[in-house]
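Me: I am new to this structure and would like to go through a few parts of it slowly, one question at a time.

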Amino acid sequence: MRAMILATPRQPLRATEIPAPRPTATQVLVKVAACAVCRTDLHVVDGELPTPKLPLVPGHEIVGTIVEKGNMVERFGIGDRVGIPWLGWTCGECDFCRSGRENLCDRAKFTGYTLDGGYAEFTVADERFCFPIPATYSDIEAAPLLCAGLIGYRCLIRAGAAPHLGIYGFGAAAHIVVQVARFQGREIFAFTRRGDSVAQQFAKSLGAIWAGDSETMPPKPLDAAIIFAPVGSLVPLALKAVAKGGTVVCGGIHMSDLPSFPYDLLWQERTICSVANLTRRDGEEFFKLAPCVPVRTIVQTFPLTGANEALTRLRTGKLQGAAVLVP
Ligand SMILES: [Zn+2]
Ligand SMILES: [Zn+2]
């Protein structure tokens, strides 16, 4: 099968022919129809996350059809369409797993990071971590829901009720979250790189009531803010923009260092927290909610061999919505 392989971090991915993987007892072999490109893939390729599996097939927002299954697979059959997310395996035994926090599992394995992922024609996944995809979505449209959607949804929960919600960084996750948040009756304030009028216009077209540069203050204090951009200096800016008791949620797996800031910005019960990974429960809730909104994803497709180009556009902020690889 054809695949894009990361052999050495900080090098472009290499297109190669490798044997298709074999499913183990609880795994399914999936013919990949679409795999979205996430900022985390960029962090893996850029060597910003420690100890990836090497060589690695990246990609953790996979939609495809089951073509073969292990002898203990019960939830799905041959021909079923499934989504494969970032959370690829958990131990089920550690304190985190046993307290409903499998996203923090001590021994978790992650698709496209510590397990091979979906920048390929075929991939394998543990059936217990796959999701059925609502029928109203095409493969390409559904792919970004698997991480941008799921992690965005978990961030939204961490933000609390928050009727006035700020979003810093208007990429794939934000363009989904804004639709869910509007559906829930919230007002959205979008913050982008300085002078990025294209992204600001994009945010408004999706229902943000205000859009501006991240250094500017919103017209009214926010109840919460979610930071999707991997930029630590946004944390004090977001703290400044939230009202007393407000929460700042950091939604990315990697962020540049946080600058020091006066305690006054945190005082009055403001909170900073991070969101890590997802639980299967997040996925079940989100895939029930998404068709009701209904969440529509805006995608730009690339052939499998266009993976490096897609990553470059993501790195330079030259993407609207989500990039999706179509093998
Ligand atoms: Zn565990
Ligand atoms: Zn992701």
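Me: How many of the 5 residues of strand β10 are buried?
Reply: This is a predicted model, and in it strand β10 covers residues 164-168. A residue counts as buried when its relative accessible area is under 20%. The strand is mostly covered, and the number of its residues that are buried is 4.

Me: Over how many bridges does β10 pair with strand β11, and over how many with strand β13?
Reply: Both pairings run in the parallel sense. In β11, which spans residues 187-192, Phe189 stands opposite Gly166, while in β13, which spans residues 222-227, Ile226 stands opposite Ile167. The pairing with β11 has 5 bridges, and the one with β13 has 4.

Me: Which helix joins β10 and β11 in a β-α-β unit?
Reply: The unit made by these two strands and the helix is right-handed. The helix takes up residues 172-183, and its name is α4.

Me: Which residues are the protein donors of the zinc ion (ligand 2)?
Reply: The donor atoms lie 2.0 to 2.2 Å from the ion, and in sequence their residues follow the spacing C-x21-H-x86-C. Two of them link distant parts of the chain, one in the loop between α1 and β4 and the other in the loop between α2 and α3, 87 residues apart. The donors are Cys38 through SG, His60 through NE2 and Cys147 through SG.

Me: Why does His60 count as buried?
Reply: The cut-off for buried is under 20% relative accessible area, and Cys147, at 7%, is buried. His60 counts as buried because its relative accessibility is 0%.

Note on methods:
Residues numbered from 1 in each chain as written. Chains lettered and ligands numbered in written order. Predicted model: local features only at pLDDT ≥ 70, side-chain atom pairs only at ≥ 80, totals over all residues. Heavy atoms only, no water. Buried < 20%, exposed > 50% of the residue type's maximum accessible area, 1.4 Å probe, protein only. Pairing = 2+ DSSP bridges. Right-handed = clockwise from strand over helix to strand, strands pointing away. Donors = N, O, S within 2.8 Å, 3.2 Å for Na, K, Ca; no water.
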